[in-house]
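Got your viewer open? Load the model, switch on side chains, and let's walk through it stop by stop.

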Amino acid sequence: MIFLSPLLLLGLLALPALWWLVRATPPAPQEKSFPSLLLLRRLTAQREDAARSPLWLLILRIAAVALVIFGLSRPVFIPHSSGKTNGPVLIVMDDGWAAIPHWNERVAAALSLGQSALRSGNPVTLVRAARSPDGAMPEPFVTRDSHALSERLEHMRPQPWPVDRAGLADELGHMDLSNQHITLLSDGVAAPHDEALQKALSKAEAVQDMRWNPCDVLRLSANQEANGTLHAKVEGFSCPSRTVTVRAVAGNSGTLAAYPVQVGEDKILPLPALLRNQLDHFAVEGLAGPATTVLRGDAGHRRPVGLLQTPGDNTPLIGSAFFLNHALDTLSERRTGDANALLGSSLSVLVATDGSLSGDQTRNRVLEWVHHGGMLIRFAGPGLAAAQSSQQDNATDDAPDALLPVPLMSGMRQLGGPMSWGKPQALETFPATSPFADLAIPPDVTVSRQVLAKPETGLQDHVWAALADGTPLVTARSEGNGEIVLFHITASPDWSNLPISGLFPQMLERLIERSAGVTGTSPTDLTPWRTLDSTGGLIMPPAAARAVKANALATTEVSVTHPAGLYGPVHGTRPLNLSDHAPPLHEEALMGTQLTPEGASPDRPLGPWLLATGLLVLLVDFALSLRRRGLLGPLCGALVVLSFQQAQAQAQQPVPSALPTTVPQAALETRLAYVVTGNDDVDTASREGLQGLSDYTSARSSALLGHPDGVVPGKDDLAFYPLIYWPITADAQPDAARTKALNAFMDHGGILLIDQQGAGTDMDAGSGGAVRAALKRVTDGLTIPPLAKLTDKHVLGHTFYLLHSGFPGRVNGQPVYVARNGDEANDDVSPVIIGNGDWAHAWAVDASGNHPYAVLPGGDDQRTQAYRFGVNMVLYALTGNYKSDQAHYPEMLHRLGQDNPDTQTPSVGTDEDEEDAP
């Protein structure tokens, strides 16, 4: 043990004086003469003072002061270490994936070896064996300061790729090792170019090789056969038998299944087909890292489902889409929209409610999509029944419906009811050739209406489900590489209670499993999308990561340029795992004298413990002194009373006082939000711009807006915001969680304002192409309806202000796009507004109340127009399409000077806010 501040030990010289002082107090008693002893007998002693302090109290106080002095002198305990040297020390740390299991112990050992050398006055050099994220070998770190060494080691993290023995040997080859004592903290895994490293180390004066238990180094591999069978194997060194748990993990981090696997065993994982479709990766329980994580990617096993519906279909408890959404909720990735939007994305299954396949162009496109491998699931209804009746009446139209699996009879069949002789029919057992075979049919599921198939030859070959009387309930046929399936009932309980039974989602699940997974056309070059870090989590790729040829991915080994992770487009990623194409694990030969890690632990400071103990002893002495004087009880009673009063006061506080800490402020007042980009300048402009717009709106309308919030979609709750401003930067990257959150935000009535910030204009001429490419990247996967150019005839042109001269921001003359047809479920409001006006910079107001950014070319007039367009957008988000109500047309026509079609009197207007406001 050593003392870092030994001069403070001189305080121990004061202990004899303290001994004398304590023994000298209290003062000796004095003798007094009294006239009568009778008076003394009637006196009662209230307190007795000792003539001198008790020995135990004296020892207690002396010990407390000594402990404080020893603590202030900063003693340090030096554990026994077998790595002591008498010259410069060079520590080589293996910091690749195999060093992760004992990383904390490695750091502690390196610190212990370095501190031992520094105490002897020798310099310490720290060299790392794995390449940095930028692809270069880390620079050697040389120090003579223990604190600097501790700081460097504390901030070091293992890399998720193997060590580079050739790079390390080249690094050591440029150093003078003749007088160096080298300690290699090896991971024990044999790697290419081990011989080159051993040759480089042979030039040193002494080499020691410290290793930890190799049985803790494991590597997981998994593969899938053509028939869907999954295999998993946990590799390790030749160690005693060990069993670990391999978890099959879904995309939401939930565990689909867990399997005990013995190290070295090739285990078959019996995962059902439905769970295989949800499988995201495998992981070894309790051992996080890139070696124990096997990614699956989503190319080839994703089965997204598109729901094509008609207006009003999503009405709760009534609409067909309402019941389909509930049935599909846990089965697959689900998307909604019109046919063009859905078929423009990657789909495996398209579900169409009654009446949603209208228009020859839509039908032809759906047919072509099915022909190329898609599965169309249709539901019958009054619309389909009426269409069949119309075809029967038109004798010249003999062409069958190409989007039906079988020809249908005219009208519909009713079973049960006051005008029918029959009764609702139950379901017949599913045929053995049906995908629904072996599903249990609830006895209470019945059908009261259906569309009937024409009884033609070969009809039974297309029947997958039938009623008890033999009439088809579900029919199907192949169309090219795809299939067309028809439920002869509605997707709502109007014709049958099947949609509200547990059988309905099971049937849809079987159909989705039967569909072809989405593979898409893989690009020639697969760029890294996300890579694994040292904890097994997905992060952005490192700077050195490079694209890999699609045909070479099967033979690519993991390295800093090709780290383990997901490669390719966001909706068709392919995995590269650490175990892919890697040689078997072998133990590395010793590079020098074997050194065990026992005792290689860093110095432990004892000062804080001694100081705390001394203060605690003094506190005990203080409590005992109060007790001897009879003051401890009253003091404790007073503390109890005060504590009780404080607790009672807190209990009587009103509940709303706790709201600001538990309820988001956006739930208590209306606020706008902006997407945080990570660019400080852009985020500052977004915050100042939305603050300026909020103040302007609050001053000129009845909408009172609070301070804007910066949000990260996918992490923050977006439900409280009516409008979110999203500035696009050139370096913006796609994010699946953000896309999902923004889709949910728009589905629930929110408006997303996407701004390219004047890219490509005179304001920012050089970034146009990069920002447009970024816009395409980040909006891939967003449910954006077909767009149309915004004009003054749109509701946004007269929501609050009447705007006739465009919709400028900081830049004028840029087009603005909104949904061609609004969302029927959201009052026909466009869920997205896209433009290049750079509105936030035009709205921005700094802390002094000034406008920090110039507006070109219109100056203040253009800024006023930008504010008015912003107010229109805010009220459009808050009130919807109320301006489209017919009741407002007379007033609007009067304002426009068009209440009399024959008059030619132009409308009289003014630039004042009060005149423009309706």
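Which charged end sits over the ring of tryptophan 529? Select arginine 530: its charged end is over that ring, 4.5 Å from the centre. A charge sits over a ring here if NZ of Lys or CZ of Arg is within 6 Å of the ring centre and within 35 degrees of the ring normal.

Before moving on, some ground rules. This is a predicted model, so local features need pLDDT of at least 70 and side-chain atom pairs count only at pLDDT 80 or more, while totals for chains, interfaces and linings use all residues. Residues are numbered from 1 along each chain as its sequence is written, and side-chain values use heavy atoms, with hydrogens and water left out.

**Stop: aromatic pairs**

Now pick tyrosine 801 and arginine 868; the arginine lies over the face of the tyrosine, 5.3 Å from the ring centre.

Ring-on-ring pairs come next. Rings of Phe, Tyr and Trp (its six-membered ring) pair if their centres lie within 6.5 Å; planes under 30 degrees apart are stacked, over 60 edge-to-face, and the rest tilted. That rule gives 11 aromatic pairs. Select tyrosine 696 and tyrosine 867: the ring centres are 4.4 Å apart and the planes are at 5 degrees, so this pair is stacked. Tyrosine 696 lies in helix α17 (residues 680-700) and tyrosine 867 in helix α21 (residues 859-879), so the pair ties together parts 171 residues apart in sequence. Helices (H or I, at least four residues) and strands (E, at least two) are DSSP runs, numbered from the N terminus. Tyrosine 696 and tyrosine 867 are both buried; buried means under 20% relative accessible area, exposed over 50%, and partly exposed in between (1.4 Å probe, protein chains only).

Stay on α21 and select phenylalanine 869 with phenylalanine 807. Their ring centres are 5.0 Å apart with planes at 50 degrees, so this pair is tilted. Phenylalanine 807 comes from the loop between β38 (787-789) and β39 (816-819), and phenylalanine 869 from helix α21, so the pair ties together parts 62 residues apart in sequence. Both phenylalanine 807 and phenylalanine 869 are buried.

For a group rather than a couple, show Phe379, Phe487 and Phe504, which ring pairs link into a cluster.

**Stop: helix α19**

Select residues 768-778, helix α19, and colour Gly768, Val771, Ala774, Leu775 and Val778, which are buried. Look down the axis: the buried residues fall within an arc of 130 degrees (taken from the directions from the helix axis to the C-beta atoms), so they line one face of the helix. Add β36 (723-727), α18 (736-747) and β37 (751-755) to see what those residues pack against, with contact meaning heavy atoms within 4.5 Å.

**Stop: salt bridges**

A salt bridge is a side-chain nitrogen of Lys or Arg within 4 Å of a carboxyl oxygen of Asp or Glu, and the count comes to 18. Try arginine 219 and glutamate 235, which meet at 3.3 Å, N to O. Arginine 219 is in strand β8 (residues 219-224) and glutamate 235 in strand β9 (residues 230-235), 16 residues apart.

Then centre on arginine 671. Glutamate 669 forms a salt bridge with arginine 671, closest N and O atoms 2.9 Å apart, and aspartate 709 meets arginine 671 at 2.8 Å. Aspartate 709 is in strand β35 (residues 709-711), and arginine 671 in the loop between α16 (659-662) and β34 (673-675), 38 residues away. Aspartate 709 and arginine 671 are buried, whereas glutamate 669 is partly exposed at 30%.

To finish, select Asp94, Arg165, Asp194, Asp209, Arg211 and Glu588: salt bridges that share partners join them into one network.
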